[in-house]
Amino acid sequence: MKNSIKNMLLAAGCTLVLASCLENDIPYPIVEGSIQSFEVEGQRAATEGGNAQATINKTNRTISLYVDDSVDLSRLRVTRLTVSNDAEIVPDSTACADFHSFPTTGFESIPSSANTRIDFTRPVQFTVKTYQDYVWTVTVQQILDRELVLANQTKDPVIDVESRKVIIYVSKDQPLNSIPVITFNLGGAHGTVTPDPTKTTTFDFSSPVTFYVRRGWEEVSYDWTVYVFHDTDSSTDTQASVFPMATRATLSGSIQSGKTPVVEYRKQGASSWTTLSSSSVSVKGTSYTATLTGLSAGTTYQYRVSVDGNAAAEQSFSTAPALALENGSFDDWHQVDKLWNPWAEGGTSYWDTGNRGATTVGNSNSIPTTETSSGSGQAACLESKWIVLKFAAGNIFTGTYVKTDGTNGVLSFGREFNSFPSKLRVHYKYTTATINRCGDDEFEYLKGRPDSCHIYIALTDWDQPREIRTRPSERQLFDKSDSHVIAYAELIKGESNSTYKEEDLVLNYRYTNRTPKYILVVASASKYGDYFTGGEGSKLWIDDFELIYD
């Protein structure tokens, strides 16, 4: 009996050990879990007229977005959250209003039984689970514009949120006991103020006034004290700061409310001044901006600003030069063994391709051709192929091929650049093929559809070129929503055209007060080539890429 029990225990132990060994030896597939979209109530753009969509950085797994002042940041409702590969979603339980009622799968709209309220007063982590865990961090910033404008106000108000006190200065000739109130959003755009000083023709500010202020999401009001004083030094300051681009410049400065500046400018050395039209001058409260357009690149200008006939001293600025795109004609190539390089032999590279990864097992799929748009010189022919082991999209980009990692590439995206083109003019023709290769399961739905070519340009202020990795387990790709992308434009076409077409990719400047450090131009015969997805035989010819400044 004892031997029987002993043998049973020994067998059970062996089974457990064997099971443990088997479990540890089974390799789990690498399936990336990423957040594809993220929306909350009250979502808005960071600046007026900007893009309200969340900025999703798949490289750093971060999401940043902005909300208006109508919502409570400590109980903010997530209205949309989609993920890749049907991954499981696990938010930080300490931030959830009801952790057990938060959906565990992605959703386009809030399920009826769900509670998606999260405390976003600090960054919140979401774990996206596949076979691995991917931790994402979501940061929400609330924009509460407290805008206060009185008639003849001379400068921006001083607002102390901690003590709930406000100081406003008006010109010496404005009576304090009868001041017209233009804007009084002390509680933000969606808040309320009692009493509301905009409801009367004038308001008495001859002594400190207590207002009861409620922000848009609050049920209680807080008392604020507003002090209005005469400005003892209310001389008109018409000096302006300037941000020059290549063919335009933006002036900004302070001004007494109710007044409009007159802006004049000229090329340095010119005898006469041009007066900027009033439609190009925007005044908001005690601030103004003026936009000068139609300027010449790489040129010095003088300008002066006048208010009530009083002009400030002349100032000057220089516009950025109209930098050209190097080897945009794609005339310069040289070959080393099977590898075609898009620069002259002995020259310096500006463009590069993913050919080195492809030529480890096959021939170049990005090569020069005499099929040009002008009938002379050379162009680039980018073809998508199945090369022994995997799908390779024909491609070219401004940057450097760093190294080959197995059959995958490590790239350096971007070349130094500090100007402001308005568009990228391209000449291209394309032959599409049916998508028959999918490197990622999430793109299986594309099989049988026509492939699309993709050409895009981005101006960025990265601190260094962006490293790109195509190996699925450590994939790092370019993200057009990256907060460092200052301007962007793209062309996506899924139909064939047998002759060259000219297209202008008009750059959308998301920021007009930041100077680019890098330019990135990419062309690919297959839009999803980074994911080894596309159609064998898709072919993109490109020629005469040119930066336009207008």
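**A walk through the strands and cores**

The side chains of Thr-82 and Ser-37 are joined by a polar contact of 2.5 Å. This value, like the others below, comes from a predicted model. Thr-82 lies in strand β5, which covers residues 76-83. Its relative accessible area is 12%, and because buried means under 20%, Thr-82 counts as buried. Leaving aside residues up to four places away in sequence, Thr-82 touches Ser-34, Ile-35, Gln-36 and Ser-37, and also Gly-106, Phe-107 and Glu-108. Ser-37 therefore appears both among the residues that Thr-82 touches and as the partner in the polar contact, a pair of N or O atoms within 3.5 Å.

Next come the strands of an open sheet. Five strands make up this sheet, in the order β11-β12-β16-β15-β14, and their pairing is mixed. At the edges are β11 (158-160) and β14 (192-194), each of which pairs on one side only. On average, neighbouring strands of the sheet are turned by 25° against each other, direction ignored. The edge strand β11 runs antiparallel to β12 (residues 165-170), and three bridges join the two. One residue pair to look for here is Asp-160 with its bridge partner in β12, Lys-165.

Further along the chain, β37 and β39 can be followed in the same way. These two strands run antiparallel and are joined by eight bridges. Thr-460 stands opposite Val-485, which is in β39. β39 also runs antiparallel to β41 (residues 508-509), with two bridges between them. In that pairing, Ala-487 has Tyr-509 of β41 as its bridge partner.

The strands β37 and β39 also lead to the nonpolar cores. In soluble globular proteins, nonpolar side chains tend to be buried together. The largest nonpolar core in this model has 38 residues, and the members that touch the most other members are Leu-325, Leu-424, Ile-455, Ile-519, Leu-540, Ile-542 and Phe-545. At least two residues of this core come from each of β30 (379-383), β36 (423-431), β37 (453-460), β39 (485-493), β42 (518-524) and β43 (539-548).

What does Leu-424 touch, not counting residues up to four places away in sequence? Its contacts include Leu-325, Ile-457, Leu-505, Val-521, Phe-545 and Leu-547, and also Glu-503, Asp-504 and Glu-546. Of these, Leu-325 and Phe-545 are listed with Leu-424 among the core members that touch the most others.

A second core is separate from this one and has 29 residues. Among them are Ala-95, Phe-120, Val-138 and Val-140.

Note on methods:
Residues are numbered from 1 along each chain as its sequence is written. This is a predicted model: local features need pLDDT of at least 70, side-chain atom pairs count only at pLDDT 80 or more; totals for chains, interfaces and linings use all residues. Side-chain values use heavy atoms; hydrogens and water are left out. Two strands pair if DSSP finds at least two bridges between them. Helices (H or I, at least four residues) and strands (E, at least two) are DSSP runs, numbered from the N terminus. Axes are lines fitted to C-alpha atoms, for helices over the stretch in contact, and angles run from 0 to 180 degrees between N-to-C directions. A nonpolar core is a set of buried Ala, Val, Leu, Ile, Met, Phe, Trp, Tyr and Cys residues joined through side-chain atoms within 4.5 Å. Buried means under 20% relative accessible area, exposed over 50%, partly exposed in between (1.4 Å probe, protein chains only). Contact means heavy atoms within 4.5 Å. A polar contact is a pair of N or O atoms within 3.5 Å; within protein, one must be able to donate a hydrogen and the other to accept it, and residues adjacent in sequence count only if both atoms are side-chain atoms.
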